[in-house]
Amino acid sequence: MEIRDIVFERQKLLPVVYKGIKLDCGYKLDIVVEGKVILELKSANKIESIHDAQLLTYLKLSDLKLGLLINFNVPILKEGIKRIVNNL
């Protein structure tokens, strides 16, 4: 992404604000691209529903609309990519 001049952030902290109080819950977004898309990276035998829920939670808390769940533990990478949307 650096080579192509795409703006991204690694391990971006995601604070939670509840009733005006900032809580440090320890959430970290793997990669945020152009401030619009969350990339959640995994290397698991199988993507479980908990991984979908995790990414959807990150999308809701960060008020972003689009995320990609990418599992690198697959023979063909395109089989390990799942698109998750938040109220599109």
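This report walks through three neighbouring strands and one aromatic pair in a predicted model.

Let's start with the strands. S5 covers residues 37–42 and S6 covers residues 66–71; the two pair in the parallel sense, with six bridges between them. To get from S5 to S6, the chain passes through helix H1, residues 49–62, in a β-α-β crossover that is right-handed. On its other partner, strand S7 (residues 81–85), S6 is joined by five bridges, and here the strands run antiparallel.

Leu68 is a handy residue to follow in your viewer. In S5, Leu68 has Leu39 standing opposite, while in S7 the bridge partner of Leu68 is Arg83.

The two pairings of S6 can be set out like this:

| Strand pair | Sense | Bridges | Partner of Leu68 |
|---|---|---|---|
| S5 (residues 37–42) and S6 (residues 66–71) | parallel | six bridges | Leu39 |
| S6 and S7 (residues 81–85) | antiparallel | five bridges | Arg83 |

Now to the rings. How many aromatic pairs does a search of the whole structure find? The search finds one. It is formed by Tyr27 and Tyr58, whose ring centres are 5.7 Å apart; the planes meet at 65°, which is over 60 degrees, so the pair counts as edge-to-face.

This contact links distant parts of the chain, 31 residues apart: Tyr27 sits in the loop between strand S3 (21–23) and strand S4 (28–33), and Tyr58 belongs to helix H1.

Are the two tyrosines buried or exposed? Tyr27 has a relative accessible area of 30%, so Tyr27 is partly exposed. Tyr58, at 7% relative accessibility, falls under the 20% cut-off and therefore counts as buried.

Note on methods
Residues are numbered from 1 along each chain as its sequence is written. This is a predicted model: local features need pLDDT of at least 70, side-chain atom pairs count only at pLDDT 80 or more; totals for chains, interfaces and linings use all residues. Side-chain values use heavy atoms; hydrogens and water are left out. Two strands pair if DSSP finds at least two bridges between them. Helices (H or I, at least four residues) and strands (E, at least two) are DSSP runs, numbered from the N terminus. A crossover is right-handed if, with the strands pointing away from the viewer, the path from the first strand over the helix to the second runs clockwise. Rings of Phe, Tyr and Trp (its six-membered ring) pair if their centres lie within 6.5 Å; planes under 30 degrees apart count as stacked, over 60 as edge-to-face and the rest as tilted. Buried means under 20% relative accessible area, exposed over 50%, partly exposed in between (1.4 Å probe, protein chains only).
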